Amino acid sequence: MLASLEVRFTLSFPGLEIGLMLKRHLKIKENLANMFSLYVRRVVYGGHEFSPLLTLQYQRGYSPQCVFQSTQKRPCSTLIEKSNKQIILQRTPNKYKSNEQKYVQYTEDQKYGEAIETLNALQTNAEALRLSMKHNINHLEDTHKYLLRSGLTLFDLKELSYIHVSGTKGKGSTCALTESILYAYGLKTGFYSSPHLVSVTERIRVNGEPISKEKFTRYFWKIYDKLQDAQDYEHDMPGYFKFLTILAFHVFLEERVDVVILEVGIGGELDCTNIVPNTKTVGITSLGLEHTNLLGETLNEIAWQKAGIIKPGSMVYTTVAQEDCIRIIRDRCKEKGGADLHKVPDFELYFQDEKDRELKKSLNHVILLNGSLAIQLAYDWLRQNRKDMTERKEINKAYLTKQVVEGLINCHWPGRCQMIKYLNLNMYLDGAHTSESMKICGSWFSQSVSYSENPKILIFNITGDRDSTTLLKILKSFSVFDLVCFLPNVITSATTNTPDTQLIHAHREQLERAKMHACNWELLCLEDQTPNFAKVFPSLLSCFQYIQDEFDKSQQLDVLVTGSLHLLGATILSLNKLYKNI
């Protein structure tokens, strides 16, 4: 049996009161004093601020001494457990006698870390989808249930205006470009995306910036506690992605954003972002085979899922090339009622005069591939919602405004065709994980280092059920590598990886998959009779330490990291850790 309790402990002594307000779900047993597994988030003590180091634990692992450490670096009080039932306070002298009570909180990082660890205990998006299909759970009804428990209704969601984007590759980049363009028009933008590279806060952006850890933590506990209180049974909580989606809606409503750019998680039809009822502007990026166990094994099935975000009356823009897929999307527009489909102009058509052609040369691969769709999504939203901001009324026409140019140039979307320099390492980062995106990645890296005589290194990993042989064969066709590194998406093989980059798959499982990728690479080398310079590493730190030892530190190295956005995030953290003293 579970009970939701709010427990208040007040220990009174002459001139001293400590109030511990703790809210958690506790199993009911005869002696509650023996079963705490709680964190102290606030401590009150007559005017003197403390940063608590106290944790009351459930049954096992009792700490014999718990200390309240003064944030003012003054003498502090010590809480000593005398027995399972008796707690006494020994007070050390201090000069603060004020009756004013001040709340003492963890540092921002500590509170954020606690929230992230709790979030990580929730199901992954793919697992939640898999279970909903297995048990015939209506995923959107499930999302609606948790949305209501969090304190929001569908009517509340209608207060926001959305641009909703699905697709196989380029949907995140398209959303980021759209966000940047609308921000250049002076609008307050909200952007929800996944996954993140380094911090979960990257998934929820306002005006192009991730929300602060403090703000994330505040929203997290407010929503988490409400959902936990409303459970009908044990573990009756939304999954990881669903929880963050609900949290994002709370943020965007409170921040009063003008427009929300919403990136689908997986698929579209059953994705929890599809709970939004009033999407008038929809984007569908190019399609490929992905998550076939969830979305279907053919492109036509996947197209049907992706088009599931279309609503009655939506204006739909796409870069989908396959005619069969276009037909399915068009059929879904008719099915939804009054939705219109437009295939966006080729990006070349936006650059007709010499000045514009020079601008185009300065744009990276991400913009060249996704720029046209982003521009048309921005134009359509402005046309439907802010006619005062756009003079031209043509639908799906190729033209540039100064705000569009500014938005394209200033767009920041890390981990996609991105180059970063760390001392002698020229790091080329791209989260490609499909055949189509890997061709783009391979071409980009090959062109970027075409005049370089530096040794070339590949760091590679993929997650899920993707075929590494196909992706590696594509990379092999573009470049010759002097070292190929296969490894899990972990900073170190120890347990010190940050909660933000916690593994979805166990380290041992990932390591076995890395060995499998190395075997696939070896077979490719035998097939085309080329040398095999592949190695398997247990972690990114061990990989970079090997590179440091193997190559002269004065030698510039061109390093391509690809296959997974999770790998990119762990790579950035590893380099920061490796060179933190430099």
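Biologist: How do you know whether the end-to-end span of helix α1 (residues 108–120) agrees with its number of residues?

Modeller: This is a predicted model, and the check on α1 rests on a rise of 1.5 Å a residue. The expected span is 1.5 Å times one less than the number of residues, so the 13 residues of α1 should span 18 Å, and because the C-alpha atoms at its two ends are 18 Å apart, the two values agree. The buried residues of this helix α1 are Y112, G113, E114, A115, I116, T118, L119 and N120.

Biologist: The UniProt annotation "binding site", from an unreviewed entry, covers S194, E263 and H291. What makes E263 buried or exposed?

Modeller: The cut-off for buried is under 20% relative accessible area, and E263 has 4%, so E263 is called buried. E263 lies in strand β15, which runs over residues 259–263. Setting aside residues up to four places away in sequence, E263 touches V165, K171, G172, C175, F191, Y192, S193, S194 and T273, and S194 is itself listed in that UniProt annotation.

Biologist: Where does H291 sit, and which residues is H291 in contact with?

Modeller: H291 belongs to the loop between β16 (281–284) and α8 (292–295). When neighbours within four places in sequence are left aside, H291 is in contact with I266, G296 and R466.

Biologist: UniProt also lists R416 and D430 for "binding site", again in an unreviewed entry. Why is R416 called buried or exposed?

Modeller: R416 has a relative accessible area of 15%, and because buried means under 20%, R416 counts as buried. Its place is in the loop between α13 (402–410) and β19 (418–422). A polar atom of the R416 side chain lies 2.6 Å from the backbone oxygen of P414. Leaving aside neighbours within four places in sequence, R416 is in contact with S173, V366, L429, D430 and L565.

Biologist: And what makes D430 buried or exposed?

Modeller: D430 has 7% relative accessibility, and since this is under the 20% cut-off, D430 is called buried. D430 is found in strand β20, and a polar atom of its side chain lies 2.7 Å from the backbone nitrogen of C417. Among the residues D430 touches, not counting those up to four places away in sequence, are R416, C417, W444, V561 and T562.

Biologist: How do you know which strands pair with β24, and in which sense, parallel or antiparallel?

Modeller: Two strands pair if there are at least two bridges between them. Strand β20 (residues 425–430) and β24 have six bridges, in the parallel sense, and strand β21 (residues 456–460) and β24 have five, also in the parallel sense; both counts therefore meet the requirement of at least two. Within these pairings, D430 stands opposite T562 of β24, and L458 stands opposite L560 of β24.

Biologist: What makes strand β24 mostly covered?

Modeller: Strand β24 covers residues 557–562, and six of its six residues are buried. L557, V559 and V561 point one way from the strand, while D558, L560 and T562 point the other way, and all are buried.

Biologist: Which strands of the open sheet of eight strands are called edge strands, and why?

Modeller: The order of that sheet is β14-β13-β12-β15-β11-β16-β17-β18, with mixed pairing. Its edge strands are β14 (209–210) and β18 (340–343), each of which pairs on one side only. Strand β17 (residues 315–318) pairs with β18 in the parallel sense over four bridges, and there Y317 stands opposite H342 of β18. Helix α7 (residues 240–255) lies across β11 (162–166), β12 (189–192), β13 (204–206) and β15, and runs at about 15° to β13.

Biologist: Why is K402 called buried or exposed?

Modeller: Exposed means over 50% relative accessible area, and K402 has 69%, so K402 counts as exposed. K402 is found in helix α13. K402 and I181 are 221 residues apart in sequence, and their C-alpha atoms are 9.7 Å apart in space.

Biologist: Turning to the whole protein, how many helices and strands are there, and what part of the residues is buried?

Modeller: The protein has 18 helices and 24 strands, and buried residues make up 53% of its 582 residues. Among contacts between residues at least 6 apart in sequence, 72% join residues at least 24 apart.

Definitions and conventions: Residues numbered from 1 in each chain as written. Predicted model: local features only at pLDDT ≥ 70, side-chain atom pairs only at ≥ 80, totals over all residues. Heavy atoms only, no water. UniProt positions renumbered as here; feature names shortened; annotations may be inferred. Buried < 20%, exposed > 50% of the residue type's maximum accessible area, 1.4 Å probe, protein only. Contact = heavy atoms within 4.5 Å. Polar contact = N/O pair within 3.5 Å; in protein donor to acceptor, adjacent residues only side chain to side chain. Axes fitted to C-alpha atoms, helices over the stretch in contact; angles between N-to-C directions.
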